[in-house]
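This report examines how metal ions and a bound molecule are held by a protein. Please keep the sequence and the structure in view while reading.

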Amino acid sequence: MMKFSTKKLQLSQVKTDLLGLSVSKGQLSTLGKEVDRKLGGLLSKILKREDLKGKATDARLIETHGKIGAENVLLFGCGEPDKPDSDLLRKAAARLTKTGNRLKVKRIAMEDVTVGGWKKIATATRGQMISEGAILGNYTFDLYKTAKNSKKTVEDFAVLTAEGARLENGLKQGVVFAEATNSARDYINIPACDMTPKRMADEARKVGKLPRLSVKILGKAEIQRLGMGCYLAVSSGSVEPPYFIHLIYKPAGRPKKRVAIVGKGVTFDSGGLSLKTAQGMETMKDDMSGAAAVVSVMRALSVLKPRIEVHAFAAMTENMPSGSADKPGDIAKTMNGKTVEILNTDAEGRLTLADAVAYAQKQKPDLLVDVATLTGACVIALGDLCSGILGNNDELIQKLIACGKEAGEKIWQLPLIDEYRDELKSPIADLKNIGGRWGGTNNGALFIQEFIDSKLPWAHIDIAGPSWTEKELDYCTRGGTGHIVRTLLHFLLQQ
Ligand code: BES
Ligand code: ZN
Ligand code: ZN
């Protein structure tokens, strides 16, 4: 566990193994210039020789040979300081941490960035970005490696700043946000053989023991009793029984409002009898990323203590083919009585969500947000770095998009086109679980909308793309990303 602190911006007091200094428009900061003088102009020589202007991607490591209190210096670019890139500090802190681990050092320090437009960003926000970047960048998943090859040596992360107290608050909040994200990453990365519906319910039980939280887990008998027939149809092919998670956060005083967050929790999506291809299944352990996110969010709320009540729901199940599996053409009934013709067993997420949102609304929330790895079409539309958002309330959607910007998570609004609803009609049941050939993300959202009270503000976030990354990102290794956890946390803190 890394420890974060703030220190004065005074070179004479800096004792560290690795110091991060910013470069902006080819210029060093005040502290950087002082370091440069002590090093006999080495830094400015390097900037000039290598033509380092301070692009966001610039990075240069320099040994100081004991001439200052920092053994090594890492120069990082500030990008366009007049238009501060909201993700730059996270990336810089992540790179610094990874460099520290590579150098096998214990103490690292980074200067706060206040040049140009950065001054206008709240000090606490800068602090939050720095600790988030460091902890997210430090994440590795080696639970299943017999030889732990990713040694983490960095223990102390100091931020050199003129605004200690305020920045420190931000650092603290960033730690909570990042640890919740890393917890979601773990849930996703643990393979489906271990991360079964039961295991996820056990994880939720652990979270439910934290202060101000409580948990209710429904087993198969209870799920049957409630008549969650579409959810049960999805789970019918699996030997793993379903578990329905309901986590509750209650603030100390009277809550200002009640929010429901619902996450898709398919621990493995084989497609069922509408079987996926071998390649299409490779990453389908990530089909519970929505559930991983909402459970991890609850864990953070225990520490962040917002003044609202929050309910998290996840209908955990596998989607497997077998002699007992749901078959194309089957008709199932949700707990609120609507019948659905299951024409494609691979469109299982919406079946589980139909029952999950129906159950969630019994808690009388003031608004509902669902997050789901729902459609491949969303990945086609927006790529694997951006979620799609749809819903019945533009204000709610805009708020969530803005929170995504704060979190460094991309969310783009797609229209919810009512005309396409006709294609969800079944000749023999109330609905079918697939729509027409086109607009797949739309069809998924329209299906869920059928189970949402039209007066309830609702947003659906399709995280199918960014929930997983094949390539290493600036502050995320290959695998589950924990995307949307921090967006939801920003959102809940603003309610
Ligand atoms: N879990 C998948 C969606 C998905 C696909 C997530 C690729 C991440 C990457 C979902 O259950 C699914 O299979 N959706 C189908 C729906 C179709 C049958 C209407 C899809 O997108 O192909
Ligand atoms: Zn599927
Ligand atoms: Zn799925």
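What arrangement do the six donor atoms around the zinc ion (ligand 3) make? In this predicted model, the six donor atoms subtend angles of 78 to 173° at the zinc ion (ligand 3), and the arrangement is therefore octahedral. The class rests on a cut-off: six donors count as octahedral if opposite donors are over 155 degrees apart and all others lie between 65 and 115. For comparison with an ideal case, six octahedral donors have angles of 90 or 180 degrees.

The site of the zinc ion (ligand 2) also has six donor atoms, but with angles of 71 to 168° this site is irregular. The table sets the two sites side by side.

| Zinc ion | Protein donors | Distances | Spacing in sequence |
|---|---|---|---|
| Ligand 2 | D269 (OD), D346 (O), D346 (OD), E348 (OE) | 2.0 to 2.2 Å | D-x76-D-x1-E |
| Ligand 3 | K264 (NZ), D269 (OD), D287 (OD), E348 (OE) | 1.9 to 2.4 Å | K-x4-D-x17-D-x60-E |

The two sites are linked. The zinc ion (ligand 2) and the zinc ion (ligand 3) lie 3.2 Å apart, and D269 coordinates both. E348 is listed among the donors of the zinc ion (ligand 2) and among those of the zinc ion (ligand 3). D346 serves the zinc ion (ligand 2) through an O atom and an OD atom.

Are D346 and E348 buried or exposed? D346 has a relative accessible area of 23% and is therefore partly exposed, since buried means under 20% and exposed means over 50%. E348, at 0% relative accessibility, counts as buried.

Attention now turns to ligand 1. This molecule is surrounded by 15 residues, of which the closest are K276, D287, D346, E348 and G376. Several polar contacts can be described. A polar side-chain atom of E348 is 2.8 Å from an oxygen atom of ligand 1. Backbone atoms take part as well: a polar one of G376 lies 2.7 Å from an oxygen atom of ligand 1, and a polar one of T373 lies 3.4 Å from a nitrogen atom of ligand 1. On its own, ligand 1 has 520 Å² of accessible area, and the protein covers 75% of this. The space that ligand 1 takes is the largest pocket.

E348 thus appears in each part of this account: as a donor to the zinc ion (ligand 2), as a donor to the zinc ion (ligand 3), and in a polar contact with ligand 1.

Technical notes
Residues are numbered from 1 along each chain as its sequence is written. Chains are lettered from A and ligands numbered from 1 in the order in which they are written. This is a predicted model: local features need pLDDT of at least 70, side-chain atom pairs count only at pLDDT 80 or more; totals for chains, interfaces and linings use all residues. Side-chain values use heavy atoms; hydrogens and water are left out. Donors are N, O and S atoms within 2.8 Å of the metal (3.2 Å for Na, K and Ca); water is not among the atoms, so sites may look incomplete. Four donors count as tetrahedral if all angles lie between 85 and 135 degrees; four count as square planar and six as octahedral if opposite donors are over 155 degrees apart and all others between 65 and 115; anything else is irregular. Buried means under 20% relative accessible area, exposed over 50%, partly exposed in between (1.4 Å probe, protein chains only). A residue is near a molecule or strand if one of its heavy atoms lies within 4 Å of it. A polar contact is a pair of N or O atoms within 3.5 Å; within protein, one must be able to donate a hydrogen and the other to accept it, and residues adjacent in sequence count only if both atoms are side-chain atoms. Accessible areas come from the Shrake-Rupley method with a 1.4 Å probe; for residues, only the protein chains shown count as cover. On a 1 Å grid over the protein atoms alone, a cavity is a set of points where a 1.4 Å probe fits but cannot get out, and a pocket is an open set with protein on both sides within 12 Å along at least five of seven lines; lining residues have an atom within 4 Å of a point. A molecule sits in a cavity or pocket if more than half of its atoms lie within 2 Å of its grid points.
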